[in-house]
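Trainee: I would like a close look at a single part of this model, set against the rest of the chain. Please take me through it in one connected answer.

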Amino acid sequence: MTEVFVEAAPAKINLALHVTRRREDGYHDLESLIVFADVADELQAVAASADSLEISGPFAGALGTGGTNLVMRAVGAFRQRWPGLVPEGLSMHLVKRLPVAAGIGGGSADAAAALRILVRMASAPVPFGELADLAATLGADVPACLMSRPLVARGVGEILSPLPAFPNSYVVLVNPLVPVATADVFRRLRAHDNYPMPALPEPLTRPAQLGLWLAETRNDLQPPAVKLVPEIGYIVDDLAETQGCILSRMSGSGATVFGLFGSEGQAHQAAQVMRERNPDHWVAAAPLIVP
């Protein structure tokens, strides 16, 4: 019987995102505290005679299955870097549960899931450092998604510092189902040289600690994103008012907004409130993945 390889592609959340410098190459240096929620796309793969990708799930219609799909690009890049290490063909099925162009790394997470599957299928070990370098060629968020654990990302996203500990906490994610292009947000960014993030508490083990630290941080992409999609600002305000919400903020370049909670019950209650207020929005409640 042919073995089926399965990997989750968890949602990435930028709890804080500081834009610290515009580089000469046009990109920006960032500092970000990144976590991952236990709500995810899922990728399955089996050896086959040729590569194929099928997509199902609530957001399948937003993606194509051709060579520009990040999963297919990841497979092609892996084969080019390590020829002959994995089967010549893969039959893949992506269950797309996360909204697209939403600031939660959906496509990057899918590409990272593909790379993890390829490593598991490989006939020889693949050094993680080299895999991370390859991941960076696919997109700035792919190296972080490869790890899918709490970390601080610097540079354009390629300098990663995993955190040894992180508080057990929960998030509510709300997306108005309006795609936001990262380039459009950066184009509207007024200040490109902002203060870096403050030092993290060590060890970071309690939600209250995290909340106090986050109060001193920001997402520099939130103001320009709100100008593009004013609904983001309304969601931030609504989530902030729900019981037990430690912090409400936009993730990444938007349009997904997260609310951070120390209690699972409060997170699920807040998610219910947001569903009732915004029945046309995507809403999910989930624990954060901790070390």
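Trainee: Before we come to the part itself, what area does the protein chain expose, and what percentage of it do carbon and sulfur atoms supply? After that, please look closely at the nonpolar core and what lies around it.

Mentor: The model is predicted. The protein chain exposes about 12800 Å², and carbon and sulfur atoms supply 52% of that area. Buried residues account for 53% of the 291 residues. The C-alpha trace spans about 55 × 45 × 35 Å along its principal axes. A compact globule of 291 residues would have a radius of gyration near 19 Å, and the protein chain agrees because its value is 19 Å. Nine helices and ten strands make up the list of elements. Of the contacts between residues at least 6 apart in sequence, 74% join residues at least 24 apart. As for charge, there are 22 positive and 29 negative charges, and their mean positions are 4 Å apart.

Now the core. The largest nonpolar core has 43 residues, and L43, F78, M92 and L115 are the ones that touch the most other members. Helix α2, residues 106-121, gives this core its largest share, nine residues. M92 shows what surrounds one of these members. With neighbours within four places in sequence left aside, M92 is in contact with L43, Q44, A45, S52, L53, E54, V71, M72 and V75. L43 thus appears twice, as a contact of M92 and among the residues that touch the most other core members. There is also a second, separate core of 30 residues, which includes L33, L200, L214 and L288.

L214 leads to helix α6. In that helix Q209, L210, G211, W213 and L214 are buried. The elements covering the buried residues of α6 include β1 (5-22), β2, β8 and β9. The spacing of such residues can be read against a general rule: an α-helix has 3.6 residues a turn, so residues three or four places apart point the same way.

Two of the covering strands hold acidic residues that deserve a look. E7 is found in strand β1. E7 counts as buried because its relative accessibility is 15%, and the cut-off for that class is under 20%. Not counting residues up to four places away in sequence, E7 touches D41, E42, L43, A113, R116, I117 and R120. L43 in this list is again one of the residues touching the most other members of the largest core. The C-alpha atoms of E7 and A240 are separated by 33 Å, and these two residues are 233 residues apart along the chain.

The other acidic residue is D29, found in strand β2, residues 28-48. D29 is also buried, because its relative accessible area is 13%. Leaving aside neighbours within four places in sequence, its contacts are H18, V19, T20, R21, R23, G155 and V156.

The loops hold the remaining points of backbone geometry. Just ahead of α6, in the loop between α5 (182-187) and α6 (207-214), lies P203. The peptide bond from E202 to P203 is cis, with omega near -5°. A second cis bond runs from G254 to A255, with omega near 10°. A255 has its place in the loop between β8 (245-250) and β9 (257-261); β8 and β9 are among the elements that cover the buried residues of α6.

Two residues that are not glycine have positive phi. A101 has a phi of about 55° and is found in the loop between β4 (89-95) and α2. A101 is classed as partly exposed because its relative accessible area is 38%. L177 has phi near 60° and lies in the loop between β7 (170-175) and α5. L177 is likewise partly exposed, with a relative accessible area of 42%.

On the other side of α2 in sequence is A124, in the loop between α2 and α3 (128-138). A124 is partly exposed, at a relative accessible area of 33%. A124 and V86 are 38 residues apart in sequence, and their C-alpha atoms are 9.1 Å apart in space.

Definitions and conventions:
Residues numbered from 1 in each chain as written. Predicted model: local features only at pLDDT ≥ 70, side-chain atom pairs only at ≥ 80, totals over all residues. Heavy atoms only, no water. Helix = DSSP H or I, 4+ residues; strand = E, 2+ residues; numbered from the N terminus. Rg over C-alpha atoms; globule rule 2.2 N^0.38 Å. Buried < 20%, exposed > 50% of the residue type's maximum accessible area, 1.4 Å probe, protein only. Contact = heavy atoms within 4.5 Å. Areas by Shrake-Rupley, 256 points an atom, 1.4 Å probe, with all protein chains shown as cover. Lys, Arg positive; Asp, Glu negative; His and termini not counted. Charge placed at Lys NZ, Arg CZ, Asp CG, Glu CD. Core = buried A, V, L, I, M, F, W, Y, C linked by side-chain atoms within 4.5 Å.
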